[in-house]
Structures are given as structure tokens and as C-alpha cells.
Amino acid sequence: MTIVDEPRALGEPAVAQRSPDPLLAAFAASRAGFDCPAVCWDDDASPDPLLEGALHAGGPEGRVVQLVVLSGRVADARRIEMLLGAAVPGRTLAAAELLVAVLGVADARVGIDLVVDRAGVWWFGGLTVLP
């Protein structure tokens with residue numbers, strides 16, 4: 001049995017990989033098939049411009065969800081389905097799995113932030129490699 005937080009070698013700490021640059025993540029997310037909102041990348045922007053852009057695109061009724069990707073596959077999409085009362089679109093699941101592969105973090109635990117608007121659009125709001 002393998003424990004998820006187990007170090008890879010004796011004495012090696014179980015430390016998460018670094019998260020990719022947000023601009024690179026946004027570009028890759030767009031290419032992977034996510035709906036990506038317009039984002040302001042200037043110095044006066046929010047500390048989290050991707051999530052801010054997704055929240056703006058999602059409107060006042062937008063709901064924030066986080067897909068967790070483990071070993072390159074979305075984990076527990078049914079939990080999101082129960083929270084929202086709607087299934088995660090197959091297009092979104094495929095985009096999440098392609099995104100982590102393209103960014104080279106498929107072997108890590110990754111959280112993908114999304115904002116779901118009233119029309120059912122799943123706006124990309126960022127990606128974080130989880131510890």
C-alpha cells in the first residue's frame with residue numbers, strides 16, 4: 001500500500017511541486033478547452049487575477065468550485081455534482097486532465113478553481129499544486 005504523502009526516498013521531505021505561473025496556467029487552460037475570462041495582468045490587479053476574472057465572468061450568482069486532480073484524473077466529481085445539483089460537464093473533466101498533463105503536474109495533487117455561472121459556463125479561475 002502506498003501512502004499519498006509518503007516521501008519518494010528515505011530522508012526526502014514530502015513537499016508539493018511548485019504551482020505553474022498563473023499566466024502560463026491561463027494560456028494552457030485556454031488551449032486545453034476551458035472557458036477563460038478576460039483577466040487584467042497589471043500591477044494594480046488583484047493578487048489572484050485569474051480567480052477575480054472568473055468571479056467577474058460568473059456574475060453575482062456564480063459559484064466557486066474546486067476540482068481536485070489526483071494522478072492525472074479528476075477525483076470525486078460526484079461531490080461537486082451533489083453541491084451544485086448538476087453534473088460536471090465531460091468537456092470540463094477532459095480539459096482538467098489535459099491541463100495537468102500539458103503543465104507537467106499530472107503526477108501531483110492539483111486543485112483547479114472554477115466559477116460556474118447561471119448559464120452553466122465553467123470559468124477557469126486558477127490552478128494550484130496541493131501539498
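**Exercise 1. Place threonine 92 in this predicted model, and work out whether threonine 92 is buried or exposed.**

Step 1. Start with the address: threonine 92 sits in helix 4, which covers residues 90-102.

Step 2. Now check the surface. Threonine 92 has a relative accessible area of 5%. The cut-off for buried is under 20%, so threonine 92 counts as buried.

Step 3. Look at who is around. Leaving aside residues up to four places away in sequence, threonine 92 touches Phe34, Leu67, Leu114 and Trp122.

**Exercise 2. Find which residues of helix 2 are buried, and what they pack against.**

Step 1. Scroll to residues 49-58, the span of helix 2. The buried residues here are Pro49, Leu50, Leu51, Gly53, Ala54 and Gly58.

Step 2. Think about helix geometry for a moment. With 3.6 residues a turn, an α-helix has residues three or four places apart pointing the same way.

Step 3. Turn to the partners. The buried residues of helix 2 pack against helix 1 (22-32), strand 3 (109-116) and strand 4 (122-130).

Step 4. Peek just past the helix: glycine 59 follows helix 2, and its phi is positive, near 75 degrees.

**Exercise 3. Work out how many salt bridges the whole structure has, and where glutamate 61 and arginine 118 sit.**

Step 1. The count comes to 4 salt bridges in the whole structure.

Step 2. Pick out one of them: glutamate 61 pairs with arginine 118, and their closest N and O atoms are 3.1 Å apart. This pair links distant parts of the chain, 57 residues apart. Glutamate 61 is in the loop between helix 2 and strand 1 (63-70), while arginine 118 is in the loop between strand 3 and strand 4.

Step 3. Compare the two with the cut-offs. Exposed means over 50%, so arginine 118, at 71%, counts as exposed. Glutamate 61, at 49%, is partly exposed.

**Exercise 4. Trace what the salt bridge between glutamate 97 and arginine 73 ties together, then look at arginine 79 and aspartate 76.**

Step 1. Glutamate 97 and arginine 73 form a salt bridge, with 3.1 Å between the closest N and O atoms. Glutamate 97 belongs to helix 4 and arginine 73 to strand 2 (residues 73-75), so the pair ties together parts 24 residues apart in sequence.

Step 2. Check accessibility: arginine 73 counts as exposed, at 54%.

Step 3. On to the other pair. The side chains of arginine 79 and aspartate 76 meet in a salt bridge at 3.9 Å, N to O. A salt bridge needs the nitrogen within 4 Å of the oxygen, so this pair makes the cut.

Step 4. Finish with their surfaces: arginine 79 is partly exposed at 36%, and aspartate 76 is partly exposed at 49%.

Conventions. Residues are numbered from 1 along each chain as its sequence is written. This is a predicted model: local features need pLDDT of at least 70, side-chain atom pairs count only at pLDDT 80 or more; totals for chains, interfaces and linings use all residues. Side-chain values use heavy atoms; hydrogens and water are left out. Helices (H or I, at least four residues) and strands (E, at least two) are DSSP runs, numbered from the N terminus. Buried means under 20% relative accessible area, exposed over 50%, partly exposed in between (1.4 Å probe, protein chains only). Contact means heavy atoms within 4.5 Å.
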